[in-house]
Structures are given as C-alpha cells and as structure tokens.
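Here is a short report on one model. Please look over the sequence and the structure before reading on.

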Amino acid sequence: MRVLLISTPYPREENPLPPLSLTYLAGALEREGVDVQIMDFLVARYHPQKLRRKLAEYRPQLVGVTCVTMNSGLATKILRVCKDFDPNITTVIGGPHASFTPDETLRRAPWVDVIAIGEGETTLVELCHQVASAGDYGRVAGIAFADEGTVVKTAPRPLLEDLDQLPLPARHLLPLARYQALGVPCTVTTSRGCPYGCIFCSAHQMFGRKVHFRSPGLVVDEIEMLYRDFGFNQINIVDDTFTVNHDHAGQVCEEILKRDLNIAWSTYARVDNVTGDLMTLMRRAGCETVLFGIESSDENILKTIRKGITPEDIRRGVKIACGAGFRVLTSFIFGLPGETPDSVRNTMAFADELNKNYGAEYAFHVLAPMPGTELYERAADYSLHFLTRNWANYDANRPVVELPTISKEAVKKAMASYEQAIEQVWDQIRCRAAEGDDRSRKTIDDIEARTFIWKVLQGDLIDKLGKIATLDTADPAGATAGLARCIAQKLDSPYETALNQIELLVQKALISPAPAGRGVRWQWSSIPQTRLENTSQLHKST
Ligand code: B12
Ligand code: SF4
C-alpha cells in the first residue's frame, strides 16, 4: 500500500511551520508497515504538473491532504488533480475545516472520496486497510463519504485516551533542511484538547474539552532528538494552552533542565493560568516567548465570547510574564459580537497600555467565524451577517461578517491603522539601521535573508538551477559561486547577497553538491542515515 500525504500551501505571512498533522499521520502509517511519502508544499512551489510527476513516479493508492479553512479550496483542487490523473486513487481530506464541513465539501468537490473527521491517526490506518483489501469504508469510524448522492457519516472516532500510544511524528519525510534554511522552529505537542469553550474557536470541538497529556519524558525525548539529531535549536510547543496544567508543564520544564538542552522555545498560554513560579521555571527551561490570546479589552465582549478572563486577569498575567523576562505577544480580534467603534478604540488603547507598561507586543486580527465554532454554527443568534462564504477570504485579516453594532468599514479602518502603526515601527528600525544601530541592522538583515530564502524555496531554485557545469569538481568554492550567480540572475538580486546566503546554507550543511557528469548538482540535504537510525530507536521505545 502506498500513501501520499500532501500539505496545502498557504501564504508566507502566516509563517509556515513543519506540519504536525501529516507527520503524525505518516508515523502511524509507517508503524503499520504502510509505505508513505509526504509532499510538503508549505516550503516548496505547488504546481499541478509537479504533483502529476510525483503521482506518475510513486503511484500512490491513496492521497490524503490537510488544510485549514482559508486554503480548503486549493486542497480540494489538489485532490482533483489526483483523481483526474488516476480515478483509482482514493482521495481523502482531513483537518479542522473538512471535519466540520463534510456535506459541503463532498457537494463542492465530488471527486473527494473520504472526509476524515477529527483526530486522524487511527482513522487513516483503518481506512488504508480497507483500501488495500478493497473493503468497505463504512466500517471505518470517523469518516464521511458520498454514497449514491447521500452523505454517509460513520460513527464518531473516539479520541485517543493515551497519547503515549501516538507514534513519533515522521519528520524524516519532511524537507526539514528547507525549514531550517528559513530559520523557523520545529513544532511539538505535549497535549491535545482544551477545557475552555471560547465561542470563536473550534479547538475544543476538534480534540475535546478533556485535555490528554503526553508523558513529559517522551515529550522531552522528542525535543532532545530534534535538538541533537535534527539540529533544531528552536521549538514551538503548539498545544492549545501549554499552561493549563501546572504539574504537566512543570514536569516538561524540569525534564528539559535535567537534560541540559540548550533550546529556545515558545508556546501559547492563557493570562489566567500563569503564575510567577511557573513562568520562572519556564524561562529557566528555555522558553523565551509566550503568546496570549487576549481578544478584547471589553468586559462584555469577553463575557459574550466566553473567554473567561477579565481586563484585570490580562494585566496581571501579562505583568507576570513580562516580569519573568519573556517576550510576550498579545493577540486581539476586532469585530467580535458586541464590538462598537468605541470598544475598538479602547482595545487598541489597552494593547498600547500593555506595551508601554510591561513591554508586551501586540497583533490584531479580524473575526473569521470558522466552521466548528459556536459563532459559525449559531451566527444568527449573535447577529452575524455573512459578507462572503468564499473560504479563501477567511484568513482573519479582513471582515467576512458584519455586525449591527459596527460597520465593516470601521473594522477595516481599525486594521488599516494597526498596519500603518506596524509600518511606522519598520520605518523607525530602517532609520536606526541607516544611522548605524547594530541591532536594527541585524533585524533588517534577518528579514532580507528570510525573504531571499523564501524566494529560493518558492521557485524551487536549488533543484532547478543546481546543476553547475564546473570542470573541476574538487572546487567547492567555484560551485558555490556558480550557484549564487545563477540564483542572483534569476531573482534579479545582487550577487553578493546571493553568495552570502548560499554560503550560509553550505556552512550549515543544508545544501550540498553531488558529482553530476563533469560538474556538480546542488541539492537540499536530507537527514543523515545515523540520525534516522536514532529516530527509529525512539519509534520502537514509544
Ligand atoms: C501550530 C498552528 C499554526 C501554525 C503552524 C501550522 C502548521 N503548519 O502546523 C501557524 C502559526 C502557521 C498557524 C497559522 C494559522 N492558523 Co493555526 N494552528 C496551529 C495549532 C495551534 C496547532 C496545529 C497542530 O499542529 N495541531 C496538531 C495536529 C496533530 O493536529 P491537526 O493539525 O488538527 O491534525 C489532526 C487532525 O486534524 C487530522 N488531520 C489533519 N489533516 C488530515 C489529513 C488527512 C488525510 C487525515 C486522514 C486526517 C487529517 O489528523 C491529524 C492528527 O490527529 C492549531 C490548533 C490545534 N490545536 O490544532 C491552530 C489552527 C489549526 N489554526 C487555525 C487558524 C485559524 C490559523 C490561521 C488562519 C491564523 C490566522 N491567520 O489568524 C493561520 C492559517 C495558516 C494555515 N493555513 O495553516 C485554526 C484553524 C481553524 C480552521 N477551521 O481553519 C486552528 C484549529 C486554531 C483554532 N482552534 O481555531 N497555525
Ligand atoms: S481560544 Fe484558546 S482557550 Fe479558548 S477554546 Fe480556543 S484554544 Fe481553548
């Protein structure tokens, strides 16, 4: 049985990170002896022709794609390419959006065979067994499919009780060197589920309100492997709320400290469940950044959305985290039920207050009621008027619904003033850099470097331009310069910039030349065999 798993691309502004969904799914399949590959379009160019080439070469019997709401349209298009290529391929879609829109997805995309609803590891394994034996999908819990014009939903898939039974994510199937070139952290989870019931969020619908935890020892085994074997020194713990259980969070931190891992990490937290002790411990264990979902400063709005926090909780939590030396990011949403032009102004002033008083940074989004949230399911009760049902617009950066209490223009204006404020901050950084401030110069250089690398990734330039016809293969500097010249020309960027960036990739062993004819061919590095052996050791022990 051969399975191809695909991540649907999304814009760079959303900060692509190594996808845990596909690596967990692939890990579960590998453990069952299923042959699986991942095509990761988050850090490579998507083109239907490229996909067709892969389908022709790998000949998968099942293709599974993951997406969220904003890229769900593209995800179904990807599956259409697969179905058109070979109608015998079983096409499957999963993730938070598809899970909550099975009827609509099957109606809009009749070439999709199966929707995986909710947690996917066991569902996909069982589905593969059915596909391999030409069996009956109907026996697999947690899926929806069309049968002679009607949508069949099988029994709900029970959530995994013991997360230690999960496989290790099969990250060796990802193009990790590309993520490392971008300098982004590697994603890890220590738990699934969220006990809170915020009405704009679907987390508790997806993984339940009972939080299941992985054993801290196993979590840190994985982090240690990412650090020692895969070369990541930045980790993002993507639990819905890492700080929800202090014992568990504390044990993860103690375990990191015990093993003396020099990693920097970041995570999501709630202002009402941080304490000075926990924050101090997290800081000692290498956590540098926490992100708090604040949403609004308006008490009535906070009550309506059932966030369960007050402005006082917010000040207290932010003060503790900033006091403990964290970089604190606060995230707000414009356009929640009850929003008025006044509450928008107050929320912006509040974000400024948190910044001035404690040093917390802030970001604003616009409400996008995604399927699976109470706001979406009961939109009329909250007086939400949908402006568009085009999911591509649900990026939470523009109004997709309107409220009687505030116009969409007022929300757009608030977003525009926030974006302008960010632009001003950048102008100041650029000015300071021009005046010789080293820190500002470094910030600008980092951004420029990432932009350059992003273009290289999106153009697949190492793969396309990497064949360098040097006569002397023993001349690595010549091959590096050759590649830099080709890329600089293609991107119309200065040769020195290209050379610096390519040299860095070579130094970090993220790209390497292999002899090809009388010259060399550059390629992205894969994980060395010894590292893979360590991975499978850990696989066996979990
Ligand atoms: C980390 C994260 C990010 C990261 C990285 C995403 C990544 N590449 O991993 C960043 C910061 C980039 C990000 C960005 C955004 N995110 Co985000 N993010 C998360 C977060 C916190 C964790 C994701 C994760 O790794 N989960 C763990 C894995 C194991 O779970 P999973 O992805 O759901 O996969 C399981 C199942 O869904 C299923 N499954 C998934 N795909 C498939 C495919 C097949 C074939 C099968 C069989 C099964 C299956 O099986 C998997 C294993 O059990 C989730 C919240 C959450 N708890 O999941 C939000 C979440 C996914 N994000 C969300 C949103 C809204 C966004 C943004 C739009 C934010 C914004 N602009 O405001 C952007 C969109 C970018 C994008 N297109 O993904 C929403 C999505 C809601 C929706 N309906 O779309 C979530 C669910 C948060 C929430 N509760 O509202 N996000
Ligand atoms: S917003 Fe955060 S706390 Fe609220 S339900 Fe979603 S993940 Fe949980």
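Does D395 count as buried or exposed? D395 counts as buried, because its relative accessibility is 14% and the limit for buried is under 20%. The model is a predicted one.

## D395 and its surroundings

D395 sits in the loop that runs between β16 (385–386) and β17. Its side chain makes a polar contact with the side chain of R398, at 2.9 Å. The backbone of D395 also faces a ligand. One of its backbone N or O atoms is 3.2 Å from a nitrogen atom of ligand 1.

## The shell around ligand 1

Ligand 1 has 38 residues around it. The closest are E14, T66, T69, E121 and D240. T69 places a polar side-chain atom 2.8 Å from a nitrogen atom of the ligand. L17 takes part through its backbone: a polar backbone atom is 3.1 Å from a nitrogen atom of ligand 1.

Three elements give two or more residues to this shell: α1 (20–31), β3 (62–66) and α8 (203–207). Of the elements, α1 gives the most, with 4 residues. By class, the shell holds 20 nonpolar, 12 polar and 6 charged residues.

## The shell around ligand 2

Which residues surround ligand 2? They are C194, Y196, C198, F200, C201, A203, H204, D240, R270 and K307. The shell divides into 6 nonpolar, 1 polar and 3 charged residues. D240 is named in this shell and is also listed among the closest residues to ligand 1.

## The second largest pocket

The second largest pocket encloses about 410 Å³ of space. Its lining has 28 residues, and S72, G73, L74, T76 and W391 are the closest to the pocket centre. Helices α3 (72–85), α4 (96–100) and α5 (102–108) each supply at least two lining residues. The largest share comes from α3, with 5 residues.

What classes make up the lining of this pocket? There are 12 nonpolar, 9 polar and 7 charged residues.

## Cavities

The structure holds 3 cavities of 30 Å³ or more. The largest cavity has about 70 Å³ of space. Its lining is made of F334, G335, V366, L367, P399, V401, E402, L403, I406, S407, K408 and V411. The elements that give two or more residues to this lining are β17 (401–402) and α16 (408–434). In class terms, the lining has 8 nonpolar, 2 polar and 2 charged residues.

K408, one of the lining residues, also serves as a distance marker. The C-alpha atoms of K408 and Q61 are 46 Å apart, with their positions 347 residues apart along the chain. Q61 lies in the loop between α2 (48–58) and β3. Q61 counts as partly exposed, because its relative accessibility is 30% and that class runs between 20% and 50%.

## Two helices

Helix α9 covers residues 216–228. What span should its 13 residues have at 1.5 Å a residue? The expected span is 18 Å, and the end C-alpha atoms are 18 Å apart, so the two agree. Several α9 residues are buried: P216, V219, V220, E222, I223, M225 and L226. An α-helix has 3.6 residues a turn, so residues three or four places apart point the same way.

In helix α19 (residues 476–491) we find L483. L483 is buried, because its relative accessible area is 0%. L483 and F230 are 253 residues apart in sequence, and their C-alpha atoms are 25 Å apart in space.

## Two positive phi angles

Most residues other than glycine have a negative phi. D260 has a positive phi of about 55° although it is not a glycine. D260 belongs to the loop between α10 (246–258) and β12 (264–269). Is D260 buried or exposed? D260 is exposed, because its relative accessible area is 64% and exposed means over 50%.

D492 also has a positive phi of about 55°, and D492 is not a glycine. D492 lies in the loop between α19 and α20 (495–507). Its relative accessible area is 71%, so D492 counts as exposed.

Conventions: Residues are numbered from 1 along each chain as its sequence is written. Chains are lettered from A and ligands numbered from 1 in the order in which they are written. This is a predicted model: local features need pLDDT of at least 70, side-chain atom pairs count only at pLDDT 80 or more; totals for chains, interfaces and linings use all residues. Side-chain values use heavy atoms; hydrogens and water are left out. A residue is near a molecule or strand if one of its heavy atoms lies within 4 Å of it. A polar contact is a pair of N or O atoms within 3.5 Å; within protein, one must be able to donate a hydrogen and the other to accept it, and residues adjacent in sequence count only if both atoms are side-chain atoms. Ala, Val, Leu, Ile, Met, Phe, Trp, Tyr, Cys and Pro count as nonpolar, Asp, Glu, Lys and Arg as charged, and the others, Gly among them, as polar. On a 1 Å grid over the protein atoms alone, a cavity is a set of points where a 1.4 Å probe fits but cannot get out, and a pocket is an open set with protein on both sides within 12 Å along at least five of seven lines; lining residues have an atom within 4 Å of a point. Grid points are joined across faces, edges and corners, and a volume is the space filled by probe spheres set on the points. The expected span of a helix is 1.5 Å times one less than its number of residues. Buried means under 20% relative accessible area, exposed over 50%, partly exposed in between (1.4 Å probe, protein chains only).
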